[in-house]
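This report considers a few selected residues, their surroundings and their accessibility.

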Amino acid sequence: MNNNRFEGSRLLILDFGSQYTQLIARRVRELNVYCEIHPYNHLPDEIDSYDAVILSGSPYSVRSEEALHPDLSAIRGKKPLLAVCYGAQYLAHFSGGEVAPSAIREYGRANLSYIKAGEPLFEGIATGSQVWMSHSDTIKVLPTGGVCLASTADVVNAAYRIEGEPTYAIQFHPEVSHSTDGKQLLANFLFKIAGFTPNWTADNFVEMTITALREQVGRDKVVLGLSGGVDSTVAAVLLNKAIGEQLHCIFVNNGLLRKGEFESVLLQYEGMGLNVKGVDASARFLSALAGITDPEAKRKAIGKTFIEVFDDEAHKISDVKWLGQGTIYPDVIESLSVKGPSATIKSHHNVGGLPDYMKLKVVEPLRMLFKDEVRRVGRSLGIDAELLGRHPFPGPGLAIRILGDITAEKVAVLQEVDAIFIGNLKSTGLYDKVWQAGAILLPIQSVGVMGDERTYEKVVALRAVESVDGMTADWVDLPHAFLQKVSNEIINKVKGVNRVVYDISSKPPATIEWE
C-alpha cells in the first residue's frame, strides 16, 4: 500500500506548465476534495482510480508546433472533465473547432456578460461576475458538440460544454482570487457534476495515514531527522502515533541554526514524548562548506553531509530500515522537471531518494500536503500552536542567507542579527502576521561613521513575506518605526555591521530566499 494515497474520491490535475496549476490544487483541497498534480505527459498508471480530471492552463499556444498533446483516451467522455484556458483551447482546436490569435492579448479582469440559464457549472453565479483572463489566443469556433455557456464583452466563448459527455471548458482562471466566483465554479464542478463528497479533512488524513504507516513500516525501525520546523515535527508526531518506540528521532545541529535554537528545540521535543537524540555536527558542516560560494553547491554539500551524519547515527541503532522525512508537496513540485511544466527552480535536500550505500527506504507521510494543510494536520494531532506557528526555515539554514563563502564568524554575526529581527517581531505582535522572515548577510561592505570614526563594515538585508504555501509571496510592509528600531538595534549591538536594508521584492520574480 502507498501511504501517500488517499483511498476516497480523487481528482487528477494534468499540468501543462501553468503558473497557476498549484493554485488549482489548493482551491480544490480547500473544498475538502483530494487531488494530485501530474505532468500532462506522465499520466499516473492507475488512471481509472481517479474520479474526475482538470486540465490546467499553459504558456504554450495550441496553434504552435510546440503545442503540448495529452493522451486523453482514458479520460475524455469517460470521466467528468474541466478544461481551463489552454485545456479549453486544446479541446476546441483538436476536436472540430477553431482557435485564432486574439485581436488584443486578453489579460486581466473581465466580467461575464452572458451565462446560459440552468447550467450546473454556473449555478449560484450571476451575470456580471468578475473573471481573470490570461491568454493571447481565443476560441473562434466551438468543438463538435460544443454549447456556449458564458461570454464576456470581448470573448464570445468564455465557457462551453460538449453535448453528450461530462466535459466542460472555461477560458478564464477560476483558481485565482481575481475570479470572484471561481471557488463557487470549482465547487459546482466537483459536487454537482463530478459527484464528489468533501471528505478530505485533517482528521481523515491523520486516521488514514496512521493506518497506512503501520502497514508500510510494519515492525521495522525508522530514523527521522528533526529540524525544529513544522514539517519534520508533524511527520515525527504522525510516525510516533503510528509506530511508537520504533521511531528514533535525530536533531542535528548543523551550525547553521538560529541563535540558541539547538538547545531550546531539543528541550521542546523531549517534552512532546518523542524519542530524540541531539547530535552536534556543526564543525563537520562548516568544514564541508569551506570555500563554497555557489548556492546549489552549498545545498548539495549540506545534503551530502546530512546523509553522512544520518548514516553514522543510523548505524548506532540496530536494525533501522527506514528514513522518515518531512517532504511536502511544494518540495516535490519544485524539484520535478519535465518538458514544459514544472521547471526546476532549486534542488531540495530532502527530495529524490538516498544513495545506494545508505540502504534505507524512505517514508514521507506529508509528501502530498501543502504547508497550510500540514498545519491543519498538526492541530488535529494536538501539537502546540506556538510550534505550528513557527515560520518556515530553509533546510540549509543560514548557509543560504550568507551570500558567498561560509565561516563561523559570519554565522555568528547573522545569528545575532536574526535574533534581534525575530525577537522584535515577536515582542511587537508582528510575528504571526508574517509568513516567513529572516536576515541575509551580503557579500559587500559599506562605509559608515560611528563615534566620529570612519567604518567599513558588513551590510545585512531584512526580509519578511506573506504567503500561504510559499509558491507565491508578497513582501510585508512592516511599520517604518519598527524597521527603524530594528536597524538601530542591529547596528548598535552587532559588531561588524553598519548598514541595514529591507527587501521589498515579491515571488515571483524573486524567490523568498536570496539563494
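The following paragraphs treat an annotated site and a further loop position in a predicted model.

**Annotated positions**

The unreviewed UniProt entry lists S227, G228, G229, V230, D231, S232 and T233 under "binding site". Of these, S227 and V230 are described here in further detail.

S227 is located in the loop that connects strand 10 (221–226) with helix 5 (230–243). Its relative accessible area is 39%, so S227 is classed as partly exposed. A polar atom of the S227 side chain lies 3.1 Å from the backbone nitrogen of G229. When residues up to four places away in sequence are left aside, S227 touches S232, F251 and Y269. Among these partners, S232 is itself included in the "binding site" listing.

V230 belongs to helix 5. With the same sequence exclusion, V230 is in contact with V374, R375, L387, L388 and R390. V230 counts as buried because its relative accessibility is 4%, and the cut-off for that class is under 20%.

**A further loop position**

Q171 occupies the loop between strand 9 (167–170) and helix 3 (182–193). This residue is buried, with a relative accessible area of 1%. The side chains of Q171 and Q89 form a polar contact at 3.1 Å.

**Accessibility overview**

| Residue | Relative accessible area | Class |
|---|---|---|
| Q171 | 1% | buried |
| V230 | 4% | buried |
| S227 | 39% | partly exposed |

Within the UniProt listing, S227 is thus partly exposed, whereas V230 is buried.

How values were computed: Residues are numbered from 1 along each chain as its sequence is written. This is a predicted model: local features need pLDDT of at least 70, side-chain atom pairs count only at pLDDT 80 or more; totals for chains, interfaces and linings use all residues. Side-chain values use heavy atoms; hydrogens and water are left out. Helices (H or I, at least four residues) and strands (E, at least two) are DSSP runs, numbered from the N terminus. Buried means under 20% relative accessible area, exposed over 50%, partly exposed in between (1.4 Å probe, protein chains only). A polar contact is a pair of N or O atoms within 3.5 Å; within protein, one must be able to donate a hydrogen and the other to accept it, and residues adjacent in sequence count only if both atoms are side-chain atoms. UniProt positions are given in the numbering used here, feature names are shortened, and annotations may be inferred rather than shown by experiment. Contact means heavy atoms within 4.5 Å.
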